[in-house]
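Dear colleague,

I am handing over to you the structure we spoke about, and below it I have written out what was found in it. Please read these notes with the structure open beside you.

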Amino acid sequence: MRDGGPKNRTLLNKLPAMLRSGGRQKDIDAMVVILDSDSNDCVALLDKLRSVATYEGAGAKTIFRLAIEETEAWCFGDPDALSAAYPAANNAAFKRYRQDTVCDTCEILADTIHVGGAAAIRRTGWPLPGQIKHEWANRIGPLMNPDANRSPSFGKLRDGLRRLIAAPAIQPGQTPAG
């Protein structure tokens with residue numbers, strides 16, 4: 001079900017220009033970039049991203065957060081929200097998931113809540129994977145309790161955003177709460 005392909009690579013290829021542009025804008029206090037870590041080493045990926053932001057002049061305005069392995073991990077982080085959104089969820093599939101690990105997160109979520117699971121989505125093909133991910137986010141997201149979410153990567157996003165909101169405007173030479 002992976003849908004990384006050329007489109008996602010194109011978005012990452014555009015990131016330096018986006019950071020450069022955002023770094024120059026006086027009315028932008030901060031930029032938050034959220035990425036799936038996929039199977040990348042998180043420390044190395046964050047170092048690379050921060051290096052690009054610094055090089056492009058946006059290091060002081062940019063915080064990066066990674067969803068480990070995919071943002072679907074954040075849905076598993078709040079089992080109450082997942083169950084409320086999908087009362088008929090397959091608990092056996094749910095129990096296969098190990099929070100914030102590289103374990104085919106999206107496929108396990110599909111097996112947990114989609115009729116026919118990941119195999120049915122794969123058989124149907126594009127654009128269903130993208131559509132179904134939007135559906136999951138729209139159904140589960142509003143039910144999430146950010147303070148109860150068990151995903152460490154979601155917790156880093158939540159806490160980073162709270163620090164960012166509480167902080168005064170970032171001045172040249174400063175770094176955002178992060």
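How many helices and how many strands does the chain have? In this model, which is predicted, the chain has 9 helices and 2 strands. If you follow the chain from its N terminus, you meet these elements in the order α-β-α-β-α-α-α-α-α-α-α.

A few totals may help before the details. The chain has 178 residues, and buried residues make up 41% of them. Its accessible surface comes to about 10200 Å², with 55% of that belonging to carbon and sulfur atoms. When we take the contacts in the chain that have a separation of 6 or more, 70% of them join residues 24 or more positions apart.

The two strands

Strand β1, which covers residues 31–36, pairs with β2 in the parallel sense, and the pairing runs over 6 bridges. Within this pair, valine 33 stands opposite phenylalanine 64 of β2. To get from β1 to β2 the chain passes through helix α2, residues 42–55, and the β-α-β crossover made in this way is right-handed.

Is strand β2 mostly covered or mostly open? Strand β2, residues 62–67, is mostly covered, with 6 of its 6 residues buried. The cover lies on both faces, since Thr62, Phe64 and Leu66 are buried on one side, while Ile63, Arg65 and Ala67 are buried on the other.

Leucine 19 and its surroundings

Leucine 19 sits in helix α1, which spans residues 5–24. Why does leucine 19 count as buried? Its relative accessible area is 2%, and buried means under 20%, so leucine 19 falls on the buried side of the cut-off. Setting aside neighbours within four places in sequence, leucine 19 is in contact with Met31, Val33, Val52, Ala53, Glu56, Ala58, Thr62 and Phe64. One of these partners, valine 52, is 33 residues away from leucine 19 in sequence, and the two C-alpha atoms are 8.3 Å apart in space.

The nonpolar cores

The largest nonpolar core has 25 residues, and those with the most contacts inside it are Trp74, Leu82, Tyr86, Leu109, Ile113, Trp136 and Ile140. At least two residues of this core come from each of the helices α3 (72–76), α4 (79–85), α6 (105–113), α7 (117–124), α8 (128–140) and α9 (152–166). Helix α6 supplies the largest share of this core, namely 5 residues. Apart from this core lies another, of 13 residues, which includes Met31, Val33, Leu35 and Leu46.

Helix α6 and the loop before it

Helix α6 deserves a careful look. It is mostly covered, with 8 of its 9 residues buried, and these are Thr105, Cys106, Glu107, Ile108, Leu109, Ala110, Thr112 and Ile113. Against which helices do the buried residues of α6 pack? They pack against α3, α4, α5, α7 and α8.

One of the buried residues of α6, Cys106, also has a partner in a loop: its backbone nitrogen lies 2.8 Å from a polar atom of the side chain of glutamate 70. Glutamate 70 is placed in the loop between β2 and α3, and with a relative accessible area of 4% this glutamate is buried.

The loop between α5 (91–96) and α6 holds aspartate 100, and aspartate 104 is found in the loop between α5 and α6 as well. Aspartate 100 has a positive phi of about 55°, although it is not a glycine, and aspartate 104 has a positive phi near 65°, again in a residue other than glycine. Are these aspartates buried or exposed? Aspartate 100 counts as buried because its relative accessibility is 14%, whereas aspartate 104, at 38% relative accessibility, counts as partly exposed.

A cis peptide bond

Finally, please look at the bond that joins tryptophan 126 and proline 127, which is a cis peptide bond with an omega of about 15°. Proline 127 is found in the loop between α7 and α8.

With best wishes

Note on methods
Residues are numbered from 1 along each chain as its sequence is written. This is a predicted model: local features need pLDDT of at least 70, side-chain atom pairs count only at pLDDT 80 or more; totals for chains, interfaces and linings use all residues. Side-chain values use heavy atoms; hydrogens and water are left out. Helices (H or I, at least four residues) and strands (E, at least two) are DSSP runs, numbered from the N terminus. Buried means under 20% relative accessible area, exposed over 50%, partly exposed in between (1.4 Å probe, protein chains only). Contact means heavy atoms within 4.5 Å. Accessible areas come from the Shrake-Rupley method with a 1.4 Å probe; for residues, only the protein chains shown count as cover. A nonpolar core is a set of buried Ala, Val, Leu, Ile, Met, Phe, Trp, Tyr and Cys residues joined through side-chain atoms within 4.5 Å. Two strands pair if DSSP finds at least two bridges between them. A crossover is right-handed if, with the strands pointing away from the viewer, the path from the first strand over the helix to the second runs clockwise. A polar contact is a pair of N or O atoms within 3.5 Å; within protein, one must be able to donate a hydrogen and the other to accept it, and residues adjacent in sequence count only if both atoms are side-chain atoms.
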